[in-house]
Amino acid sequence: MLSTRITNARIVTMDPDRPAAQELGIWRGRIVGLDEDVAGLPARRTLDLGGATVLPGFIDAHVHLAWTGLKAKAPGVAPSRRADDVLRVVAEAVAQAPVGGWVDFGGYDQRALDRPLTAADLDAVSAGRKVYLGHLSGHACLVNSAVLSGLPAEVARTDGFLAEGAMGAALQSRPPHSLTELASAIEHAARLCRSEGITGCAEAGVGARLFGHSPIEGAAYQLAHEAGRLPVRVRLMVAADALRPVGAAPEDTTGRAIDLGLRTGFGDGALSLGALKIFTDGGMMARTAALTSPYLGTDGSGQLMHEPEVLESTIVEGHLAGWQLAVHAIGDRALDVALDALEKAQKLSPRPAARHRVEHAGLVRPDQLPRLAALGVTVVVQPSFLRYYGDDYATIMGEDRAGWLYRGRGFLDHGVRVAGSSDRPVANGAPLRAIQFMVERASESGRLIGAAEAITVEEALRAYTTEAARACHWETDAGSLTPGKRADLVVLGDDPRRVDVSRIADIEVVRTFVGGEDEF
């Protein structure tokens with residue numbers, strides 16, 4: 001007996017061997033069959049969807065759940081245009097915190113203000129509290145003197161605006177969040193994901209100095225899972241920061257590992273271990289993404305996280321130890337470093353099935369496209385970055401480089417696989433919004449950014465289903481509505497392939513099934 005039969009639906013399977021159906025059967029959390037395969041079989045419940053569209057559940061291949069949940073509960077200083085408005089929000093919030101306590105804020109963006117703020121400005125309203133304003137990008141922050149006083153001298157001499165490693169030092173001085181607090185934040189973010197049709201995601205870096213919230217952060221995901229508070233499947237990336245030297249046998253080629261030597265593939269079902277996350281540069285909003293030519297109108301061209309040889313060593317060692325690698329590279333200079341290291345790693349020890357990933361690939365020169373293809377690398381892009389921040393990005397890149405931003409067509413035409421993601425909470429995480437951008441390439445202002453990089457709706461849907469599943473090593477269980485795979489699916493009020501492109505983002509997400517269950 002089927003647990004659920006779905007009937008009267010426009011089922012888009014994303015399976016080329018059987019692309020469409022009208023009926024689908026579910027048993028024990030998996031898809032039993034389609035149409036005639038399940039016709040007439042008894043079922044505990046039958047759902048007549050009245051012609052609604054059914055797709056595989058969307059997969060967000062790069063997201064920050066704990067950060068998203070914590071940010072949602074922290075006071076925000078955006079959107080603000082006046083520095084005095086930010087200070088007013090800070091003053092009101094710190095008044096509720098204990099003297100000497102740490103107060104977090106989200107959404108700081110100096111670019112939008114009438115003047116940049118400094119530690120001295122925060123000091124005037126912090127009333128004896130330690131104040132941390134997280135930058136919208138996640139790659140910088142603004143702190144007051146109470147925070148600076150506990151940091152190394154070279155950091156403490158700044159005006160309070162800290163980027164990359166200096167920001168990491170500030171975060172390391174913060175008391176860790178408790179596992180209970182983190183589990184609640186994870187659940188909050190995961191529920192939001194599920195409401196948008198997401199059934200699985202890759203958490204982009206537990207244990208990172210830049211984004212870490214506790215030295216035992218991974219345990220918070222386990223706690224949420226064990227308590228039945230994880231409504232989507234999660235693949236945990238482990239930040240390279242979390243590895244420590246180990247004295248393994250020489251033939252095991254493992255010089256650094258997390259405790260017990262666990263790596264990509266450990267776990268199953270709802271919670272598992274994914275890629276090793278390696279940062280090579282910063283971000284465009286903070287102007288720390290590493291470029292080969294300066295940001296337009298400035299002398300700055302961003303920065304690498306470490307010297308190229310250090311980054312190369314980390315990438316090569318991770319490859320030799322058997323990890324799938326997720327290499328954060330936003331600027332084209334950072335991508336050069338990543339590609340050089342991946343090429344060296346594959347020459348030393350060929351692993352064609354490693355499925356290494358480049359996270360973001362924000363600015364990719366034409367000459368880098370064939371290199372990505374030759375390495376078999378999957379690029380994990382964030383289309384909504386250009387939807388919300390594209391006007392700024394295109395301006396700082398200039399006319400000659402704007403067309404290289406967060407490519408689509410260029411990747412596909414060169415045979416580079418593309419997986420979709422959000423980097424939530426840096427940008428809106430709704431997959432349908434991102435899919436719309438991938439097709440129309442228009443920012444919120446209506447500005448077309450890299451119009452030649454537009455792809456089809458079908459190709460964009462694949463980025464968030466079959467390709468994202470493959471990037472997470474989930475393709476045998478997810479990504480298409482194929483008999484035997486998990487019954488992870490989303491019901492939409494309309495078919496993204498049939499509506500006007502400008503309406504895709506507004507399609508209603510009617511319900512989301514994970515393992516055949518549509519309630520959580």
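A salt bridge here is a side-chain nitrogen of Lys or Arg within 4 Å of a carboxyl oxygen of Asp or Glu. Welcome to a predicted model, in which local features need pLDDT of at least 70, side-chain atom pairs count only at pLDDT 80 or more, and totals for chains, interfaces and linings use all residues. Residues are numbered from 1 along each chain as its sequence is written, and side-chain values use heavy atoms, with hydrogens and water left out.

**View 1. A network of salt bridges takes in D336 and R365.** Let us start with charged side chains. The linked residues are D332, D336, D340, E343, R365, D367 and R371. Within this network, R365 and D336 form a salt bridge whose closest N and O atoms are 3.0 Å apart. The two come from distant parts of the chain, 29 residues apart: D336 belongs to helix α10 (residues 332-348), while R365 sits in the loop between β20 (357-360) and α11 (369-375). Helices (H or I, at least four residues) and strands (E, at least two) are DSSP runs, numbered from the N terminus. Both R365 and D336 are buried, where buried means under 20% relative accessible area, exposed over 50%, and partly exposed in between (1.4 Å probe, protein chains only). By the salt-bridge rule, the count comes to 39.

**View 2. R233 meets D488 in one salt bridge, and R88 meets E92 in another.** The R233 and D488 side chains come to 2.7 Å, N to O. R233 lies in strand β14 (residues 233-239) and D488 in the loop between α17 (466-471) and β23 (489-492), so this pair ties together parts that are 255 residues apart in sequence. Both R233 and D488 are buried. For R88 and E92, the closest N and O atoms are 3.7 Å apart. These two are four residues apart in helix α2 (residues 83-94), and therefore separated by about one helical turn. R88 is partly exposed at 43% relative accessibility, and E92 is partly exposed at 47%.

**View 3. L372 is among the residues of the largest nonpolar core that touch the most other members.** A nonpolar core is a set of buried Ala, Val, Leu, Ile, Met, Phe, Trp, Tyr and Cys residues joined through side-chain atoms within 4.5 Å. This one has 77 residues, and F58, L65, Y221, V234, L372, V379 and F411 touch the most other members. Leaving aside neighbours within four places in sequence, L372 is in contact (heavy atoms within 4.5 Å) with L335, L339, V358, V364, V377, V379, F411 and V416. Apart from the largest core lies another, of 42 residues, including A208, M285, L363 and Y406. In soluble globular proteins, nonpolar side chains tend to be buried together.

**View 4. Five strands form an open sheet of mixed pairing.** The order to follow is β3-β2-β7-β23-β24. At the edges stand β3 (20-21) and β24 (509-513), each with a single partner strand, so one side of each is left without a neighbour in the sheet. Two strands pair if DSSP finds at least two bridges between them. Strands β2 (residues 10-12) and β7 (residues 53-56) pair in the parallel sense over two bridges, and R10 has T53 in β7 as its bridge partner.

**View 5. Strands β10 and β11 form a hairpin.** Four residues lie between the two strands, and G138 in the turn has a positive phi of about 80°. The strands run antiparallel, joined by three bridges, and L133 stands opposite L142 in β11. From β11 (residues 140-143), A140 and L142 point one way and C141 and V143 the other way, and all are buried. Strand β11 also pairs in the antiparallel sense with β12 (residues 161-163), over three bridges; here A140 stands opposite A163. K130 belongs to β10 (residues 130-135) and is partly exposed, with a relative accessible area of 33%. Not counting residues up to four places away in sequence, K130 touches G101, W102, V103, N144, A146 and V147.

**View 6. All five residues of strand β19 are buried.** From β19 (residues 325-329), L325, V327 and A329 point one way and A326 and H328 the other way. Strand β18 (residues 271-279) pairs with β19 in the parallel sense over four bridges. The bridge partner of K277 in β19 is A326.
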